[in-house]
Amino acid sequence: MTTGRAQAAQAVLCLLLALGATGVQGAEGYVEHRVEAGDTLPSIAQRYLRQPERWRVLQRPNGVKDPQALPAGSTVRIPARLLRPGAVAARVEFVRGQALVTPAGAKAPEPAAPGARLAEGARIEVPQDGYLSLRLADGSVVRVLAGSDVELKRLRRRNGATSFESVLGVRRGKVESEVAPQPRGRVFEIQAPGAVASVRGTRFDVSVGADGQVGTAVTRGEVALRAARPVRRNSRRLTRVGAGQGAVVQANGQLGTQRPLPEAPDLSTAADRYEDAGSLAVDLGPAARGDYEVRLAREADFAEVLRDGVARGGRVRFAPVEDGVYVLGVRALDADGLAGPESRRTVHVDAQPVPPLYRFPAPGARVAAEDARLLCSPVADAQWVHLQVSRRADFAAPEIDEPRLAHCELGLSALPAGDYHWRVASVRRDADGRPDQGPFAPAVPFTLVDVAAPSGLQWVEDGERPTLHWAAQPGLTYEAQLAADPAFGHILASAQALEARWALPALPRGAYFVRLRAREPGGAAGPFTAARRVHVGSIVRSGSGEALRSTDGEPVAQP
């Protein structure tokens with residue numbers, strides 16, 4: 001930087017420190033100054049007015065009794081028509097992500113923060129997951145999108161109080177500008193490598209691609225797009241791009257003709273409710289073709305954009321947001337990345353509290369109706385679960401609807417055999433103590449089947465190797481168990497049998513207990529039969545074949 005340019009930049013910064021730190025542009029054509037200790041009306045006039053000696057014009061409108069003793073913290077209004085020309089500042093209105101600002105002349109960047117005033121020459125770098133919006137002194141709004149690198153080249157008041165010069169340079173990425181209508185003589189330019197876009201009262205985008213191509217899309221007003229380095233001496237350098245039109249300047253300086261922008265997308269089939277706590281997956285519906293710019297905000301003015309990105313093929317996945325009502329804005333992109341008019345849709349995010357985890361049965365499982373139970377793992381911060389069972393996948397008329405289960409468990413013995421679906425949601429108390437239900441987990445199908453307990457059990461003694469027999473049913477398999485106690489706390493032997501008999505292994509002589517259950521081909525197991533007491537080992541029999549028993553009722557074993 002030359003000495004002259006350095007002095008000019010320093011003068012700009014000094015003026016900003018003098019004006020920007022306490023002066024705020026009012027909505028009615030004045031600047032408000034917040035009085036600090038030691039301020040007087042003449043000193044304020046010296047700072048702001050083109051003719052400082054006219055400080056008395058500020059006294060009566062501001063109700064000042066003593067111009068030499070102003071109360072600290074009070075406000076002095078200064079009519080804009082009296083302000084002297086000079087540099088102005090842009091104010092950061094919203095930041096998402098770790099956006100950085102490097103002031104003019106500074107060597108290191110600093111984090112951007114809402115409310116910060118940026119001077120001419122400041123450089124703004126927004127990361128891939130970031131977003132930043134600026135309000136310029138003339139009321140225009142500039143939104144700096146993810147992955148952008150922008151410089152505030154000139155921010156000045158010119159030709160009096162209400163005419164401004166705003167020049168921004170886009171090195172990389174994209175900016176959206178909503179330019180406030182201004183008197184003749186104002187300047188608003190977006191400069192990019194190889195192109196300049198100049199406007200008066202309009203809304204437009206300027207993007208700089210990785211290959212150096214510059215694109216301009218106009219949704220309101222008119223933009224004069226000029227190629228800075230035409231490819232040939234006699235090639236066209238300037239085109240006026242009207243509302244609903246776009247144009248590009250190739251990296252080699254070739255200025256394209258203006259063309260219609262893509263139509264506003266149809267969002268009638270797009271989802272309006274999102275219930276995934278892990279991410280916000282936006283699907284624009286079956287009518288979506290190509291790529292789209294998508295952004296999400298709490299308010300329709302999109303002053304604070306919480307998420308933005310490009311939906312490839314109509315789908316994009318964002319990091320989750322808090323539960324609430326949002327506005328989704330979508331613009332279709334053409335092959336050169338020019339964005340058309342925006343469609344908007346109100347969407348609801350309702351992902352908390354997260355639903356419980358399913359435990360039993362597995363999806364698609366076949367479960368015996370006699371002892372079927374639904375089990376899930378509740379969420380730590382939930383007081384209840386809401387559980388539904390329905391024959392219909394849409395749960396329009398559930399067979400079971402339990403909105404306040406204290407435990408995530410429910411028996412199904414009252415349901416007849418058949419195909420069902422079940423789903424669960426967590427319910428907690430909100431700040432006012434009222435029930436607050438989260439989304440249902442995706443429904444899980446299962447089938448209840450009738451598997452009757454085996455019948456016709458017979459215990460055939462054969463010395464030391466008895467055999468258990470029963471009446472088999474076609475297509476069923478059987479599970480048999482033998483234990484030393486009727487509660488089957490200590491199972492000594494078990495078997496999976498295809499035939500209707502079980503030859504027991506060699507066991508010590510004594511009394512045991514057996515039970516049996518059937519299992520159908522899909523895996524559903526019916527209830528066990530009641531425990532039956534049996535004896536292993538040869539016993540003494542009477543002439544009629546009956547077992548002889550001792551006084552305690554036990555069979556008398558042969559020696």
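**How the terms apply in this model**

Mentor: Let us start with strand β17 (residues 214-220), which is mostly covered, since five of its seven residues are buried. The model is a predicted one, in which local features need pLDDT of at least 70 and side-chain atom pairs count only at pLDDT 80 or more, while totals for chains, interfaces and linings use all residues. Residues are numbered from 1 along each chain as its sequence is written, and side-chain values use heavy atoms, with hydrogens and water left out.

Trainee: What makes a stretch such as β17 a strand?

Mentor: Strands are DSSP runs of E with at least two residues, helices are runs of H or I with at least four, and both are numbered from the N terminus. With seven residues, β17 meets the requirement for a strand.

Trainee: How do you know that β16 and β17 pair, and in which sense?

Mentor: Two strands pair if DSSP finds at least two bridges between them. β16 and β17 have six bridges and run antiparallel, so they count as paired, and within this pair R203 stands opposite R220 in β17. The two strands form a hairpin with five residues between them, and G212 in the turn has a positive phi of about 90°. β17 also pairs with strand β20 (residues 245-249), again in the antiparallel sense, over five bridges, with G215 opposite V248 in β20.

Trainee: Why is T239 called buried?

Mentor: Buried means under 20% relative accessible area, exposed means over 50%, and partly exposed lies in between, with a 1.4 Å probe and protein chains only. T239 has 8% relative accessibility, so it counts as buried. T239 belongs to strand β19 (residues 238-242), and, leaving aside neighbours within four places in sequence, T239 is in contact (heavy atoms within 4.5 Å) with residues including V223, L225, A247 and Q258.

Trainee: What makes the meeting of D205 and K174 a salt bridge?

Mentor: A salt bridge requires a side-chain nitrogen of Lys or Arg within 4 Å of a carboxyl oxygen of Asp or Glu. The N to O distance for D205 and K174 is 3.7 Å, so the pair qualifies. D205 is in strand β16 (residues 203-208) and K174 in strand β13, so the pair ties together parts that are 31 residues apart in sequence. D205 has 5% relative accessibility and counts as buried, and K174, with a relative accessible area of 9%, is buried as well.

Trainee: How exposed are the partners E222 and R240?

Mentor: E222, at 41% relative accessibility, counts as partly exposed, and R240, at 49%, is likewise partly exposed. The closest N and O atoms of their salt bridge are 3.8 Å apart, and the pair links E222 in strand β18 (residues 222-227) with R240 in strand β19, 18 residues apart. A search of the whole structure finds 38 salt bridges.

Trainee: How do you know that C376 and C408 form a disulfide?

Mentor: A disulfide is a pair of cysteine sulfur atoms within 2.5 Å. The S to S distance between C376 and C408 is 1.3 Å, so the pair counts as a disulfide. The search of the whole structure finds one disulfide.

Trainee: Why is this disulfide called left-handed or right-handed?

Mentor: The torsion about the S-S bond of C376 and C408 is about -50°, so the disulfide is left-handed. C376 lies in strand β31 (residues 373-377) and C408 in the loop between β33 (400-405) and β34 (409-411), so the pair ties together parts that are 32 residues apart in sequence. C376 counts as buried at 2% relative accessibility, and C408 is buried at 7%.

Trainee: What makes a group of residues a nonpolar core?

Mentor: A nonpolar core is a set of buried Ala, Val, Leu, Ile, Met, Phe, Trp, Tyr and Cys residues joined through side-chain atoms within 4.5 Å. The largest such core here has 43 residues, and those with the most contacts inside it are L132, L152, I190 and F204. Strand β13 (residues 164-178) gives the most to this core, with four residues. A second, separate core of 28 residues includes V294, V321, Y326 and A332.
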